[in-house]
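Work through the exercises below with the model open beside you. Try each task before reading its solution.

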Amino acid sequence: MSFYQNKTAFITGGSTGIGLAVAKALAKEGSNVVIFARTINKLESAVNEIKAVQKNKSQKVYYYSVDTSDNNDVKTVFEKAILENGIPDILINCVGIAQPDYFENITFESFDKLIKTNLYSTWNSVYNILPHMKRKGGYIMNTSSVAGFIGVFGYTDYCMTKFGIIGFSDALRQELKRYNISVSVLCPPDTDTPGLEAENITKPAETKAIAGNAKLLQPEFVANAVLKGIQKNKKMIIPGFDGKMSLILKRFLPGLVDFIMNLSIKKVQQK
Ligand SMILES: NC(=O)c1ccc[n+]([C@@H]2O[C@H](COP(=O)([O-])OP(=O)(O)OC[C@H]3O[C@@H](n4cnc5c(N)ncnc54)[C@H](OP(=O)(O)O)[C@@H]3O)[C@@H](O)[C@H]2O)c1
C-alpha cells in the first residue's frame, strides 16, 4: 500500500501551479485532498482535475476559499475544513507570489502585499493547524525557493520572504519533533506555472539572464520530488540537478556563484 493511501492532505495554494500538481500527485496515490485558495472558479476547475486522476472514487476531494494572509479567515476556514474532513495528516503550504523588479521600483504597497502573502500565509496556516495536528502527528511542508538561499537580482522583497521561510521551517522542525510532526521546506528552481508566467512580465533583463542559466522544471516533476521528500522526512526538498548544485556551490564555492551571476548581469548592463 502506498505511504499516501488514505492520508488526508490540506494544500494551500492548491488551485494552480505547484500546489495543484502536488494535489494531483497525492490523489493518484490514494490521499484525500483538500485545497485552499481565494478564487472559486480556479478552485472548482482544480477539483475537477484532481478528481480525474484520483486512485479511487471514494477519496474525498474538496476546496475552501480563503485568504491565507488573513489569520482570522484561516482560523475560521481551517476549523470548518477539519470538522468536515478530519485533522489532516499532511499540510502543504504553497501560497506565494513574486513580482520581480528593481528595488527602487517596488512600492511599499507591493512589498506589504508580498510579505503578507508569502510570510503571513505560511505562519497563519501552521499556527491554525498545529493545535489539531499535534494531537496525532503529521507532516508539514512549507515552500521557499532556490531564491531562499541565493539572493537573486530583481527579487529583493521575494528573497526576504523565502530566506525567512527556510529559517522558520528549520526552527519549526526542531520544535515540532516532540509532537511527531515532521517539517520540510521545498526549494524549487524556476517551474513552469501560472505564477512564473506572471513573474516574467515584470522581470528585469538582468533577472531573465540569470534565470537562463538553469533548466525550467515542470510542476509534475516538482510534485514527484515533494512526495518522495516528505516520505523520506527530508529537511530540504530541492527538485532537479540544477537546484541541488546551486545549494552545493553556494555552500562550498560562494565566490563562484557570485562570479557567474555577476557575469550574466554585466553582459546585460553592457548592452
Ligand atoms: N513557479 C516557480 O518558478 C517557483 C519557483 C520557486 C518557488 N516557487 C514558490 O512555489 C509556490 C507556488 O508557486 P506557483 O508558481 O505554483 O504559484 P501559482 O501558480 O501562482 O499558484 C499560487 C496559488 O496560491 C494561491 N494564492 C495566492 N495568494 C493567496 C492568498 N492570499 N490566499 C490564498 N491563496 C492564495 C493562488 O490562488 P488564488 O490567487 O486564487 O488565491 C494559487 O492557488 C509559491 O510559494 C512560489 O513562491 C515557485
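Helices (H or I, at least four residues) and strands (E, at least two) are DSSP runs, numbered from the N terminus. Residues are numbered from 1 along each chain as its sequence is written. The model is predicted: local features need pLDDT of at least 70, side-chain atom pairs count only at pLDDT 80 or more, and totals for chains, interfaces and linings use all residues.

**Exercise 1. The ligand shell**

Find which helices each supply at least two residues of the shell around the ligand. Then say how the shell residues divide by type.

Solution. Start with the helices: helix 1 (17-28), helix 4 (108-133) and helix 6 (194-202) each supply at least two shell residues. Next, take the distances. A residue is near the ligand if its C-beta atom, placed from the backbone, lies within 6 Å of it. There are 30 residues around the ligand, and G13, G17, T39, G96 and G195 come nearest. Finally, sort by type: ten are nonpolar, 16 polar and four charged. Here Ala, Val, Leu, Ile, Met, Phe, Trp, Tyr, Cys and Pro count as nonpolar, Asp, Glu, Lys and Arg as charged, and the others, Gly among them, as polar.

**Exercise 2. The sheet**

Determine the strand order and the edge strands.

Solution. Strands pair if DSSP finds at least two bridges between them. Seven strands form an open sheet in the order 3-2-1-4-5-6-7, with parallel pairing. Strand 3 (61-65) and strand 7 (236-237) are the edges, as each pairs on one side only.

Now go through the pairs.
- Strand 1 (residues 8-12) and strand 2 (residues 32-37) share five bridges; T12 stands opposite F36.
- Strand 1 and strand 4 share four bridges, with T12 opposite N93.
- Strand 4 and strand 5 are joined by three bridges; I92 has M141 as its bridge partner.
- Strand 5 and strand 6 share six bridges, and Y139 is partnered by S182.

**Exercise 3. Crossovers and strand faces**

Give the hand of the unit made by strand 1, helix 1 and strand 2. Then assign the residues of strand 1 to their two sides.

Solution. A crossover is right-handed if, with the strands pointing away from the viewer, the path from the first strand over the helix to the second runs clockwise. Strand 1, helix 1 and strand 2 form a right-handed β-α-β unit.

For the faces, recall that side chains in a regular strand alternate between the two faces of the sheet. In strand 1, T8, F10 and T12 point one way, and A9 and I11 the other. Five of the five residues are buried (20 or more other C-beta atoms within 10 Å of their own; exposed means 12 or fewer, partly exposed in between; C-beta atoms are placed from the backbone). Strand 4 (residues 90-93) is also covered on both faces: I90 and I92 are buried on one side, L91 and N93 on the other.

**Exercise 4. Helix 5**

Compare the span of helix 5 with the expected value, and list its buried residues.

Solution. The expected span is 1.5 Å times one less than the number of residues. Helix 5 (residues 156-176) has 21 residues and reaches 30 Å from its first C-alpha to its last, close to the 30 Å expected. Its buried residues are D157, Y158, C159, T161, K162, I165 and S169. Their cover includes helix 4, strand 5 (138-143) and strand 6 (181-186).

**Exercise 5. I82**

Why does I82 count as partly exposed?

Solution. Locate I82 in helix 3 (residues 71-85). I82 counts as partly exposed because it has 19 C-beta neighbours inside 10 Å.

How values were computed. Contact = placed C-beta atoms within 7 Å.
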